[in-house]
Structure formats: C-alpha cells, structure tokens
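Good morning, everyone, and thank you for making time for this. I would like to walk you through one structure, part by part, and I will try to say carefully what each part shows.

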Amino acid sequence: RHMVGVMPRRLRRMELLLVTTPTRTRVLEVGEDQSAGELYDAVEETCGLPMAHHYLVYNGARLPPDGALSVGALGMRAGDVVRAVPRLIGGGGDGGAYPPTATELKWMNDIGGGTKRSS
C-alpha cells in the first residue's frame, strides 16, 4: 500500500484594480488567501500610501484594517476595484467647540442645522 501525500490546493493569485485618486489606478496582485489586513499592508508597500490615513473600500463597504477575512472570502475576483479613500479628520459641523459659541449657533441656525437656542 502506497501512501499518497495530499497535494496542497494551489491558491489563486489575482489582480485587483486599486483606485488611489480619481485619475490614478494601479494593479495590485494578491492571493485569494490574503486577509484584509494583509491587503492594507500590500497597498502601503506597493503604492507608498500611508494606510494609517486611508481606508480600503470594496463593493461600497470599508474593509477593516485588522480584518481577518480573506480576499476570497470577501468575494473578490480578478479585475475587481478596491478604492483607497482618505480618512476624514474632524467633522461634526459645530466647529469643534462645546458648547457652540453664539456666532456658531447663529450660523448653524441660519443654515438649518442648529439647535435654535438663544444666547
């Protein structure tokens, strides 16, 4: 009786289209077993983008930087588009002041987003 070793399944490599700006697209070669976290590392290494300041978006959803799901499990196929989107710092529309100043309240009320308090 001969023991036949189990040959490991050959994992497919695929090329994804990485959109970094509206006018720049790069080809990124990945394996279907790579995790989303490893995808972030590959983008940073290949493109030089500081991924601490970007998110990767696939199929309209943000990929978690520490994501354990593989590219294959996420349903990615050769030729699919992944976007590197800058993270937005700040926000809130209140100018960052808590509580808002009288000037900020007036401005927010004038545009319809304030709390209508008088000061």
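I will begin with the helix, go on to a strand and its partners, and finish with the surface.

Please keep in mind throughout that this is a predicted model.

Let us start with helix α1, which takes in residues 36-47. How far apart are its end C-alpha atoms? They are 16 Å apart, and because twelve residues at 1.5 Å a residue should span 16 Å, the model agrees with what is expected. Which residues of α1 are buried? They are Ala36, Gly37, Leu39, Tyr40, Ala42, Val43 and Cys47. As a general point, an α-helix has 3.6 residues a turn, so residues three or four places apart point the same way. The buried residues of α1 pack against four strands, namely β1 (13-21), β2 (24-31), β3 (54-58) and β4 (61-63). Right after the helix comes Gly48, which has a positive phi, near 75 degrees.

Now to β3, where four of the five residues are buried, and the strand is therefore mostly covered, with buried meaning under 20% relative accessible area. On one hand, β3 pairs with strand β5, residues 81-86, in the antiparallel sense over five bridges, and within this pairing Val57 stands opposite Arg83 of β5. On the other hand, β3 pairs with β4, also in the antiparallel sense, over three bridges, and here Leu56 has Leu63 in β4 as its bridge partner. β3 and β4 form a hairpin with two residues between them, and in that turn Asn59 has a positive phi of about 55 degrees.

Let me turn to charged side chains. How many salt bridges does the structure hold? There is one, and it is formed by Arg13 with Glu29, whose closest N and O atoms are 3.2 Å apart. Since Arg13 lies in strand β1 and Glu29 in strand β2, the pair ties together parts that are 16 residues apart in sequence. Arg13 counts as exposed, because its relative accessibility is 51% and the class begins over 50%, whereas Glu29, with a relative accessible area of 46%, is partly exposed.

Finally, there is a nonpolar patch on the surface, formed by Leu17, Val27 and Val81, which together have about 210 Å² of accessible area. One of these, Leu17, lies in strand β1, and at 32% relative accessibility Leu17 counts as partly exposed.

That is the end of my tour, and I am glad to take questions.

Definitions and conventions: Residues are numbered from 1 along each chain as its sequence is written. This is a predicted model: local features need pLDDT of at least 70, side-chain atom pairs count only at pLDDT 80 or more; totals for chains, interfaces and linings use all residues. Side-chain values use heavy atoms; hydrogens and water are left out. The expected span of a helix is 1.5 Å times one less than its number of residues. Buried means under 20% relative accessible area, exposed over 50%, partly exposed in between (1.4 Å probe, protein chains only). Contact means heavy atoms within 4.5 Å. Two strands pair if DSSP finds at least two bridges between them. A salt bridge is a side-chain nitrogen of Lys or Arg within 4 Å of a carboxyl oxygen of Asp or Glu. Patches are made of residues with over 30% relative accessible area and no salt bridge: like charges are joined within 9 Å, nonpolar side chains (Val, Leu, Ile, Met, Phe, Trp, Tyr) within 5 Å. Accessible areas come from the Shrake-Rupley method with a 1.4 Å probe; for residues, only the protein chains shown count as cover.
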